[in-house]
Amino acid sequence: MQRTALVRYLSASATAVIMTLSGAALAAGGAAAATTVMPDGSMRYDYGRRPSPALVCKPQYVCDIALDSGETVLNMAIGDSARWVIAGGKSGPGGATPHVFVKPTELDLDTNLVITTTKHVYDIMLHSANVAPHPQISFFYADEDAAAKAAAAEAQRLAIESVLAGTPLVAADRADAKYKISGDATVAPDKVFNDGVRTFIQWKTLPAQLPAVVSGTSNGAAQPVNFRVVGTTYVIDNVNPDFDLVLAADTDRHGRPERRAAIRHQ
(Lines give C-alpha, C1' and ligand atoms only; values in the text may rest on other atoms or scores of the structure.)
Protein backbone atom coordinates (compact mmCIF):
# COMPACT_ATOMS: atom_id res chain seq x y z
CA MET A 1 0.00 0.00 0.00
CA GLN A 2 1.44 3.40 -0.95
CA ARG A 3 2.28 5.85 1.86
CA THR A 4 -0.45 8.37 0.93
CA ALA A 5 -3.07 5.65 0.75
CA LEU A 6 -1.86 4.22 4.08
CA VAL A 7 -2.19 7.60 5.82
CA ARG A 8 -5.68 8.01 4.42
CA TYR A 9 -6.57 4.50 5.56
CA LEU A 10 -5.26 5.03 9.10
CA SER A 11 -6.98 8.43 9.41
CA ALA A 12 -10.24 6.92 8.24
CA SER A 13 -9.78 4.05 10.66
CA ALA A 14 -9.26 6.39 13.62
CA THR A 15 -12.34 8.39 12.66
CA ALA A 16 -14.30 5.15 12.39
CA VAL A 17 -13.16 4.16 15.89
CA ILE A 18 -14.46 7.42 17.35
CA MET A 19 -17.73 7.03 15.45
CA THR A 20 -18.03 3.42 16.65
CA LEU A 21 -17.42 4.37 20.28
CA SER A 22 -19.89 7.24 20.02
CA GLY A 23 -22.39 5.05 18.25
CA ALA A 24 -22.21 2.40 20.96
CA ALA A 25 -22.85 4.99 23.64
CA LEU A 26 -25.60 6.51 21.52
CA ALA A 27 -27.40 3.20 21.43
CA ALA A 28 -27.25 3.12 25.22
CA GLY A 29 -27.91 6.77 25.90
CA GLY A 30 -30.07 8.38 23.24
CA ALA A 31 -29.25 11.85 21.82
CA ALA A 32 -26.05 12.76 20.00
CA ALA A 33 -23.27 14.62 21.84
CA ALA A 34 -22.44 18.20 21.05
CA THR A 35 -18.74 18.22 20.14
CA THR A 36 -16.37 20.75 18.65
CA VAL A 37 -12.94 20.23 17.12
CA MET A 38 -10.77 23.07 18.44
CA PRO A 39 -8.06 24.88 16.41
CA ASP A 40 -5.34 22.94 18.28
CA GLY A 41 -6.88 19.64 17.17
CA SER A 42 -8.41 18.76 20.53
CA MET A 43 -12.02 17.62 20.89
CA ARG A 44 -14.38 19.60 23.10
CA TYR A 45 -17.47 17.87 24.50
CA ASP A 46 -20.65 19.32 25.97
CA TYR A 47 -20.66 17.90 29.50
CA GLY A 48 -23.66 15.77 30.42
CA ARG A 49 -24.70 15.03 26.83
CA ARG A 50 -24.85 11.51 25.41
CA PRO A 51 -23.02 9.59 24.07
CA SER A 52 -20.11 9.56 26.51
CA PRO A 53 -16.96 11.31 25.31
CA ALA A 54 -14.48 9.06 23.52
CA LEU A 55 -10.69 9.42 23.53
CA VAL A 56 -8.40 7.56 21.11
CA CYS A 57 -4.74 7.26 22.17
CA LYS A 58 -1.67 5.93 20.41
CA PRO A 59 0.13 3.13 22.32
CA GLN A 60 3.02 4.37 24.48
CA TYR A 61 1.90 8.01 23.94
CA VAL A 62 0.20 10.23 26.50
CA CYS A 63 -3.26 11.71 25.93
CA ASP A 64 -4.72 14.56 27.94
CA ILE A 65 -8.17 15.09 29.50
CA ALA A 66 -8.64 18.72 30.61
CA LEU A 67 -11.36 19.28 33.23
CA ASP A 68 -13.18 22.34 34.53
CA SER A 69 -11.13 25.15 36.05
CA GLY A 70 -11.58 25.31 39.81
CA GLU A 71 -12.64 21.72 40.39
CA THR A 72 -10.57 19.14 42.26
CA VAL A 73 -10.18 15.50 41.25
CA LEU A 74 -11.38 13.16 44.00
CA ASN A 75 -11.11 9.72 42.40
CA MET A 76 -10.03 8.08 39.14
CA ALA A 77 -11.05 4.51 38.23
CA ILE A 78 -10.12 2.76 34.98
CA GLY A 79 -11.50 -0.56 33.76
CA ASP A 80 -8.17 -1.94 32.55
CA SER A 81 -5.49 -0.78 35.00
CA ALA A 82 -3.04 -3.44 33.82
CA ARG A 83 -2.62 -2.05 30.30
CA TRP A 84 -3.46 1.64 30.77
CA VAL A 85 -1.46 4.13 32.83
CA ILE A 86 -3.29 7.12 34.36
CA ALA A 87 -1.93 10.13 36.25
CA GLY A 88 -3.14 13.54 37.38
CA GLY A 89 -1.79 17.00 36.62
CA LYS A 90 -2.64 20.70 36.67
CA SER A 91 -2.27 23.79 34.50
CA GLY A 92 -3.04 27.49 34.53
CA PRO A 93 -2.52 30.17 37.18
CA GLY A 94 -2.24 28.51 40.57
CA GLY A 95 -2.80 25.11 38.95
CA ALA A 96 -6.54 25.82 38.79
CA THR A 97 -7.26 23.53 35.82
CA PRO A 98 -6.98 19.79 36.60
CA HIS A 99 -5.84 17.30 33.96
CA VAL A 100 -5.88 13.52 33.75
CA PHE A 101 -3.22 11.88 31.57
CA VAL A 102 -3.76 8.41 30.07
CA LYS A 103 -1.34 6.11 28.20
CA PRO A 104 -2.18 2.76 26.61
CA THR A 105 0.60 0.17 26.54
CA GLU A 106 -0.80 -1.93 23.68
CA LEU A 107 -2.71 -1.57 20.44
CA ASP A 108 -6.47 -2.04 20.05
CA LEU A 109 -7.49 -1.77 23.71
CA ASP A 110 -10.94 -0.71 24.87
CA THR A 111 -11.94 0.36 28.36
CA ASN A 112 -13.53 3.25 30.24
CA LEU A 113 -12.34 5.84 32.75
CA VAL A 114 -14.49 7.38 35.47
CA ILE A 115 -13.30 10.61 37.10
CA THR A 116 -15.10 12.12 40.08
CA THR A 117 -14.40 15.73 41.08
CA THR A 118 -15.80 18.31 43.46
CA LYS A 119 -18.13 19.48 40.66
CA HIS A 120 -18.66 16.69 38.12
CA VAL A 121 -18.54 12.98 37.31
CA TYR A 122 -16.92 12.11 33.98
CA ASP A 123 -17.32 8.74 32.22
CA ILE A 124 -14.93 8.57 29.28
CA MET A 125 -14.53 5.73 26.75
CA LEU A 126 -10.92 4.91 25.84
CA HIS A 127 -9.46 3.14 22.79
CA SER A 128 -5.88 2.62 21.62
CA ALA A 129 -5.04 2.94 17.92
CA ASN A 130 -2.02 3.78 15.76
CA VAL A 131 -3.66 7.03 14.63
CA ALA A 132 -5.10 9.37 17.25
CA PRO A 133 -6.28 12.58 15.54
CA HIS A 134 -7.57 14.17 18.76
CA PRO A 135 -5.22 13.23 21.63
CA GLN A 136 -6.68 15.82 23.95
CA ILE A 137 -10.28 16.33 25.03
CA SER A 138 -11.90 19.00 27.16
CA PHE A 139 -15.42 20.04 28.12
CA PHE A 140 -17.81 22.95 28.07
CA TYR A 141 -20.80 23.21 30.35
CA ALA A 142 -23.71 24.70 28.41
CA ASP A 143 -26.45 23.78 30.89
CA GLU A 144 -24.45 25.11 33.84
CA ASP A 145 -23.60 28.35 32.00
CA ALA A 146 -27.28 28.92 31.20
CA ALA A 147 -28.25 28.22 34.83
CA ALA A 148 -25.56 30.60 36.08
CA LYS A 149 -26.79 33.38 33.79
CA ALA A 150 -30.38 32.84 34.93
CA ALA A 151 -29.28 32.88 38.58
CA ALA A 152 -27.30 36.10 38.03
CA ALA A 153 -30.28 37.75 36.35
CA GLU A 154 -32.56 36.71 39.23
CA ALA A 155 -30.05 37.97 41.81
CA GLN A 156 -29.88 41.29 39.99
CA ARG A 157 -33.68 41.54 39.88
CA LEU A 158 -33.94 40.86 43.62
CA ALA A 159 -31.18 43.35 44.37
CA ILE A 160 -32.93 46.07 42.37
CA GLU A 161 -36.29 45.37 43.99
CA SER A 162 -34.65 45.42 47.40
CA VAL A 163 -32.96 48.76 46.75
CA LEU A 164 -36.15 50.30 45.44
CA ALA A 165 -37.96 49.05 48.55
CA GLY A 166 -35.44 50.90 50.70
CA THR A 167 -33.56 47.83 51.87
CA PRO A 168 -30.50 47.59 49.62
CA LEU A 169 -28.53 44.36 49.70
CA VAL A 170 -25.41 46.28 50.73
CA ALA A 171 -24.20 47.71 54.02
CA ALA A 172 -25.87 50.97 54.95
CA ASP A 173 -22.58 52.85 54.64
CA ARG A 174 -22.40 51.82 50.96
CA ALA A 175 -25.79 53.28 49.99
CA ASP A 176 -24.70 56.62 48.56
CA ALA A 177 -27.18 59.46 47.98
CA LYS A 178 -24.67 62.33 47.86
CA TYR A 179 -25.79 63.80 44.57
CA LYS A 180 -26.62 67.38 43.61
CA ILE A 181 -29.47 67.82 41.12
CA SER A 182 -29.87 70.99 39.08
CA GLY A 183 -31.46 72.17 35.84
CA ASP A 184 -34.91 72.03 34.28
CA ALA A 185 -37.52 71.01 36.86
CA THR A 186 -39.62 69.21 34.25
CA VAL A 187 -36.96 66.52 33.80
CA ALA A 188 -35.07 66.72 37.11
CA PRO A 189 -35.55 63.63 39.33
CA ASP A 190 -36.56 63.70 42.98
CA LYS A 191 -33.75 61.45 44.19
CA VAL A 192 -30.53 59.87 42.97
CA PHE A 193 -28.46 57.23 44.77
CA ASN A 194 -26.24 54.22 44.11
CA ASP A 195 -25.61 50.92 45.87
CA GLY A 196 -21.98 50.66 44.82
CA VAL A 197 -22.88 48.77 41.64
CA ARG A 198 -25.89 50.52 40.08
CA THR A 199 -27.22 54.07 39.99
CA PHE A 200 -30.91 54.75 40.67
CA ILE A 201 -32.62 57.90 39.36
CA GLN A 202 -36.09 58.26 40.90
CA TRP A 203 -39.13 60.42 40.31
CA LYS A 204 -42.32 60.48 42.32
CA THR A 205 -44.04 60.43 38.92
CA LEU A 206 -42.23 59.75 35.68
CA PRO A 207 -42.03 62.70 33.26
CA ALA A 208 -44.57 62.58 30.45
CA GLN A 209 -41.62 62.46 28.04
CA LEU A 210 -38.76 60.30 29.23
CA PRO A 211 -35.36 62.01 29.01
CA ALA A 212 -32.25 60.31 27.71
CA VAL A 213 -29.24 59.79 29.96
CA VAL A 214 -25.75 60.88 28.93
CA SER A 215 -22.41 61.03 30.69
CA GLY A 216 -19.23 62.91 29.92
CA THR A 217 -16.09 61.24 28.56
CA SER A 218 -12.42 62.10 28.97
CA ASN A 219 -12.48 64.14 25.73
CA GLY A 220 -15.59 66.04 26.79
CA ALA A 221 -17.99 64.31 24.40
CA ALA A 222 -21.39 63.19 25.69
CA GLN A 223 -21.82 59.42 25.77
CA PRO A 224 -25.32 57.85 25.77
CA VAL A 225 -25.99 55.66 28.81
CA ASN A 226 -28.16 52.55 28.76
CA PHE A 227 -30.84 52.24 31.43
CA ARG A 228 -34.04 50.40 32.17
CA VAL A 229 -37.21 51.68 33.78
CA VAL A 230 -38.46 49.96 36.94
CA GLY A 231 -41.60 51.63 38.26
CA THR A 232 -40.70 55.34 38.43
CA THR A 233 -36.96 54.70 38.52
CA TYR A 234 -34.19 54.61 35.98
CA VAL A 235 -31.72 51.81 36.81
CA ILE A 236 -28.21 52.25 35.36
CA ASP A 237 -25.79 49.31 35.65
CA ASN A 238 -22.80 51.39 36.68
CA VAL A 239 -21.77 54.20 39.01
CA ASN A 240 -20.61 57.48 37.50
CA PRO A 241 -20.04 60.85 39.20
CA ASP A 242 -21.74 62.80 36.40
CA PHE A 243 -24.97 62.13 34.54
CA ASP A 244 -27.17 64.46 32.50
CA LEU A 245 -30.85 63.95 31.71
CA VAL A 246 -31.64 65.37 28.29
CA LEU A 247 -34.97 65.90 26.57
CA ALA A 248 -34.50 66.94 22.95
CA ALA A 249 -36.11 70.12 21.62
CA ASP A 250 -39.60 69.82 20.16
CA THR A 251 -39.62 70.13 16.38
CA ASP A 252 -42.91 71.95 15.81
CA ARG A 253 -42.94 75.77 15.63
CA HIS A 254 -44.42 76.04 19.12
CA GLY A 255 -41.96 73.49 20.51
CA ARG A 256 -39.85 73.93 23.58
CA PRO A 257 -36.04 74.08 23.49
CA GLU A 258 -33.86 71.30 24.79
CA ARG A 259 -34.37 70.58 28.48
CA ARG A 260 -31.56 69.28 30.63
CA ALA A 261 -30.96 68.36 34.27
CA ALA A 262 -27.51 67.76 35.71
CA ILE A 263 -26.70 65.09 38.30
CA ARG A 264 -23.35 65.54 40.03
CA HIS A 265 -21.87 63.41 42.78
CA GLN A 266 -20.63 65.48 45.74
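This report walks through the cores, one strand and one loop residue of a predicted model.

## Two nonpolar cores

Let's start inside. The largest nonpolar core has 21 residues, and Leu55, Ile65, Val102, Ile124 and Phe139 are the ones that touch the most other members. Strands E2 (43–46), E3 (54–57), E4 (63–66), E7 (97–104), E8 (110–117), E9 (121–128) and E10 (136–140) each give two or more residues to this core. A second core, separate from that one, is made of 15 residues, including Val187, Val192, Trp203 and Leu247.

Phe139 is a good residue to click on. Beyond its neighbours within four places in sequence, Phe139 is in contact with Arg44, Tyr45, Tyr47, Pro53, Ile65, Ala66, Leu67, Tyr122 and Ile124.

## Strand E4 and its partners

Now follow E4. Cys63 and Ile65 point one way from this strand, while Asp64 and Ala66 point the other way, and all of them are buried.

E4 pairs with two strands that also feed the largest core. With E7 the pairing is antiparallel, over four bridges, and Cys63 has Val102 as its bridge partner there. With E10 the sense is parallel, over two bridges, and Ile65 stands opposite Ile137.

## A loop residue at the surface

Finally, have a look at Gly48, which sits in the loop between E2 and E3. Gly48 counts as exposed because its relative accessibility is 65%, and the cut-off for exposed is over 50%.

Gly48 and Val121 are 73 residues apart in sequence, yet their C-alpha atoms are 9.0 Å apart in space.

How values were computed:
Residues numbered from 1 in each chain as written. Predicted model: local features only at pLDDT ≥ 70, side-chain atom pairs only at ≥ 80, totals over all residues. Heavy atoms only, no water. Core = buried A, V, L, I, M, F, W, Y, C linked by side-chain atoms within 4.5 Å. Buried < 20%, exposed > 50% of the residue type's maximum accessible area, 1.4 Å probe, protein only. Contact = heavy atoms within 4.5 Å. Pairing = 2+ DSSP bridges.
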